[in-house]
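This report covers one helix pair and one pocket. The sequence and the structure are shown first.

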Amino acid sequence: MNFKKDNRYLKNIPFDYIGTFIANLNMQSAVWVLYLAYCGLNLAQIGLVEGMYHATSILFEIPSGAVADLLGRKRSMVLSRLCIAISCVIMLFARSFWFFALSFVVQALGNNLNSGSEEALVYDSMKAAGQEAHYMRVCGRLNMLIEVSQGIATVAGGILAEFSYVWCYSACLVIAVLALMPVLLMVEAPYAEEQSRPRSIREVVAAHFRTCYEILRSDRRILKLISYYAVIFASETMLFFYSQQYYYELGYNKIQISLILLVVGGVSCIGAVMSVRIYAALGTKTAQIGACVIAAAFLIYGVQRLYLSIAAFAAASFFNSVLYPVQSEQLNSLIPSAQRATLISVNSMFFSIGMILLFPLAGFLADVWGLTAVLVGTGGVLLGFMGIWCCIDIYS
């Protein structure tokens with residue numbers, strides 16, 4: 001379907017900038033590992049809770065993407081914000097492993113409803129206005145806003161958590177409600193040909209799953225890109241979250257840890273801004289170079305020196321931010337508009353599989369061998385993975 005250019009959809013972009021900034025003022029991201037440890041969970045249990053989060057993502061990622069394509073991306077984003085708020089309430093009152101797990105499950109559902117919907121709404125808003133060629137630049141700005149917002153949240157969360165975790169999670173609840181407001185002002189963008197709707201959500205899910213399977217099977221570039229980046233992003237995410245415990249074991253308090261995360265977030269922000277230039281200079285080698293830097297960061301953690309580990313952490317986060325808009329641009333150029341939200345959700349599902357495998361296993365092994373040894377071992381495994389994939393052209 002050829003849409004007539006309509007610039008009114010471009011107002012979704014600034015609203016998304018605002019909503020993204022507010023939503024990522026989520027202070028719990030900087031302290032949740034320490035909070036669960038404070039509440040009595042060991043690293044194995046923390047790994048299991050995170051694994052349940054990503055298991056939920058796998059179960060609901062494709063259906064939530066299909067619902068977004070059928071009912072609208074805006075409605076899906078509204079439901080997402082509500083789920084995040086409910087998750088914060090549960091986290092405030094949870095006192096056992098299973099209630100913490102329930103909070104993570106609800107949060108995962110909320111993120112599922114948003115993951116494909118937001119990206120698809122932004123891309124198709126630009127497409128409706130004939131501005132899709134500038135999508136990667138918008139994506140880079142969104143990532144920059146995320147890094148700035150998370151940097152602010154990191155420091156604020158560390159300070160609040162040092163005095164009271166209740167203050168920290170109460171602030172998270174307020175932020176979740178405020179993040180809903182810009183979404184309510186957005187306008188649904190056109191994204192599919194008019195067609196007779198299936199009679200049930202179940203039929204929609206089945207139809208979208210079949211379509212995605214056929215696209216993945218017919219275009220191996222999509223499958224290879226998704227698989228490759230899932231491993232890289234899951235590894236760096238594990239490094240980020242377990243770094244909270246890593247620095248705590250080195251003897252630093254929550255405020256000091258939050259300042260370390262702030263420095264790393266600032267470097268990540270620079271990576272998001274420079275992603276377009278770096279990709280223009282390095283081309284397809286960007287993915288391999290970024291993965292090697294992230295693997296090296298894991299290995300450097302074995303030295304257990306503060307400034308060296310911070311430098312390694314920052315370098316890994318820098319390239320992680322560079323790679324996100326690169327992958328997003330590459331995938332969106334290959335995905336049909338009608339299935340965009342669903343296939344983006346498939347991408348998130350692959351990431352969740354990586355997290356389910358990495359995070360709980362790392363937690364179990366860390367309780368036995370120590371966290372530092374596990375992080376160094378992960379770096380070695382990632383280098384081995386890179387050795388295999390260097391022989392494969394993921395772009396063809």
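In this predicted model, helices α4 and α7 cross in a left-handed manner. The residues in contact are R81, I84, A85, C88, V89, M91 and L92 on the α4 side, and V166, Y169, S170, C172, L173 and A176 on the α7 side. Sorted by class, this contact between α4 and α7 comprises eleven nonpolar residues, one polar residue and one charged residue.

The geometry of the pair is as follows. Helix α4 spans residues 73–93 and helix α7 spans residues 165–178; their axes lie 8 Å apart, at an angle of about 165°. Because angles over 145 degrees count as roughly antiparallel, α4 is roughly antiparallel to α7.

The second topic is a pocket. The second largest pocket of the model has a volume of about 390 Å³. Its lining consists of 21 residues, and those closest to the pocket centre are L357, L358, L361, T378 and V381. The lining of this second largest pocket contains 16 nonpolar and five polar residues, and no charged ones.

Three helices each supply at least two residues of that lining:

| Helix | Residue range | Share of the lining |
|---|---|---|
| α10 | residues 220–249 | at least two residues |
| α14 | residues 340–369 | at least two residues |
| α15 | residues 371–389 | at least two residues |

Which helix gives the most to the lining of the second largest pocket? It is α14, with nine residues.

Methods:
Residues numbered from 1 in each chain as written. Predicted model: local features only at pLDDT ≥ 70, side-chain atom pairs only at ≥ 80, totals over all residues. Heavy atoms only, no water. 1 Å grid on protein atoms, 1.4 Å probe; cavity = no way out; pocket = protein on both sides within 12 Å on 5 of 7 lines; lining within 4 Å. Points joined across faces, edges and corners; volume = space filled by probe spheres on them. Helix = DSSP H or I, 4+ residues; strand = E, 2+ residues; numbered from the N terminus. Nonpolar A, V, L, I, M, F, W, Y, C, P; charged D, E, K, R; others polar. Axes fitted to C-alpha atoms, helices over the stretch in contact; angles between N-to-C directions. Parallel < 35°, antiparallel > 145°, perpendicular 65-115°, else oblique. Left-handed = near helix turned anticlockwise from the far one by under 90°. Contact = heavy atoms within 4.5 Å.
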